[in-house]
Amino acid sequence: MALLVSACGFTEQRKIIIVNENADVDGSFVISSVIGQRLRQQSSGIVLVCCCQSLKFYEACGRKLGYNLSMSINKQSLLPIEALRVFNDLSSTSILDDLYEEIHAKVKDLQSNGMKNISIIIDDLTFFANLTCSEKQLITLGMRLHELANENEHLSLIMKIGLADLHQHVTNNLEDLADVTVTIEKLKSGEFRDVDGKLVIKKMKSENGIIMVENERILLYHVGDHNVKLMAPGENGLKI
């Protein structure tokens, strides 16, 4: 897990991270790994918005990856928002506004509890398109959360965009806000026993107001029960 979060730039001082999950791949392993990495930071807190996966799913992942999500919830260092339970009965005109207010309130709660390094993690922004929210509304929420993160020095934002290749308008707009983008893709050459797909990792920088790619890296990956193997194309895997 440590190598995965390091390779993706999650250990660096990067405030905005966009994870693009293309069709026919599952990027939950990236979200589970970054949750574990953030919980290990000193005085850290997380607002976790569970959309495509349940809180119990991440609790099970934590047991496999070596962190205890239930303990963090009991200590009030992780504050979950389960979207289907909280927002299923709301109209699309208010659901994302209410979600933003809920996230903002939980960030304030963590700050009041003395948490200095706070992360907002949304495990699938485009989940809300299934609740009839428009792509414009999704982009607006992303921009509001980006502003919130920039207003707070020790607040970072990690958002996964499900079916990113099918929601290209959302992806293009939110990538412009990112310090790091991680795109999870299926291999175009077919399916292999030891490779599930590839990660395209781009670290961004701004020069004269223009967003540019500072560094780009491609890694192959294979997800096991208790670990993830990363491989540079043509090289042997590294066990995490």
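This report describes the packing, salt bridges, cysteines and some single residues of a predicted model.

## The nonpolar cores

The largest nonpolar core of the model holds 38 residues, and the members that touch the most others are I103, I120, F128 and L145. Two or more residues each are given to this core by strands β1, β2, β3, β4 and β5 and by helices α6, α7 and α8, and the largest share, 7 residues, comes from α6. For I120, the contacts beyond four places in sequence include V47, I103, V107, L145, L148, L155 and L157. Another core lies apart from this one and has 34 residues, among them L4, L48, I121 and L199.

A residue that touches two of these names is F29, which is found in helix α2, residues 28-39. F29 is buried, because its relative accessible area is 10%, under the 20% limit for that class. Not counting residues up to four places away in sequence, F29 touches L4, L199, Y221, V223 and V228. The chain also brings F29 and G224 to a C-alpha separation of 9.9 Å, although their positions lie 195 residues apart in the sequence.

## One face of helix α8

Helix α8 runs over residues 168-175, and its buried residues are V170, T171 and L174. Viewed down the axis of α8, these buried residues fall within an arc of 100°, and they therefore line one face of the helix. An α-helix has 3.6 residues a turn, so residues three or four places apart point the same way. The buried residues of α8 pack against β1, α7 and β5.

## S156 in strand β5

Strand β5 covers residues 155-162 and includes S156, which counts as buried because its relative accessibility is 10%. The side chain of S156 makes a polar contact with the side chain of S119, at 3.2 Å. When neighbours within four places in sequence are left aside, S156 is in contact with R14, K15, R38, I118, S119 and I120.

## Salt bridges

Side chains of opposite charge can pair when their charged atoms come close. The structure holds 9 salt bridges, and one of them joins the side chains of E214 and R14, with 3.4 Å from N to O. This pair links distant parts of the chain, since E214 belongs to strand β8 and R14 to the loop between α1 and β1, 200 residues apart. The two partners differ in their surroundings: E214 is partly exposed, with a relative accessible area of 44%, whereas R14 counts as buried at 14%. Both residues also belong to a network of salt bridges that links E12, R14, K203 and E214.

A second long-range pair is formed by D97 and R144, whose side chains meet at 3.1 Å, N to O; D97 is in helix α6 and R144 is in helix α7, 47 residues apart. Here D97 is partly exposed at 41%, and R144 is partly exposed at 27%. Another salt bridge, at 3.0 Å from N to O, joins K205 and E207, of which K205 is partly exposed at 34% and E207 is partly exposed at 36%.

## Cysteines without a disulfide

A disulfide is a covalent bond between the sulfur atoms of two cysteines. How many disulfides does the structure hold? The number is 0. For C8, the nearest cysteine sulfur is that of C61, 16 Å away, and C8 itself is buried, with a relative accessible area of 0%. The sulfur of C50 has its closest cysteine sulfur in C51, at 7.5 Å, and the two are not bonded because this is too far. C50 is also buried, with a relative accessible area of 3%.

## Residues in loops

Two residues other than glycine have a positive phi: for S43 the angle is near 50°, and for L163 it is about 50°. S43 is placed in the loop between α2 and β2 and is partly exposed at 33%, while L163 is placed in the loop between β5 and α8 and is partly exposed at 39%.

H226 is found in the loop between β8 and β9. Is H226 buried or exposed? With a relative accessibility of 51%, H226 counts as exposed. H226 nevertheless touches K64 and L65, not counting residues up to four places away in sequence, and the C-alpha atoms of H226 and K64 are 5.3 Å apart in space although the residues are 162 apart in sequence.

Key: Residues numbered from 1 in each chain as written. Predicted model: local features only at pLDDT ≥ 70, side-chain atom pairs only at ≥ 80, totals over all residues. Heavy atoms only, no water. Helix = DSSP H or I, 4+ residues; strand = E, 2+ residues; numbered from the N terminus. Buried < 20%, exposed > 50% of the residue type's maximum accessible area, 1.4 Å probe, protein only. Polar contact = N/O pair within 3.5 Å; in protein donor to acceptor, adjacent residues only side chain to side chain. Contact = heavy atoms within 4.5 Å. Arc of directions from axis to C-beta. Disulfide = S-S within 2.5 Å. Core = buried A, V, L, I, M, F, W, Y, C linked by side-chain atoms within 4.5 Å. Salt bridge = Lys/Arg side-chain N within 4 Å of Asp/Glu carboxyl O.
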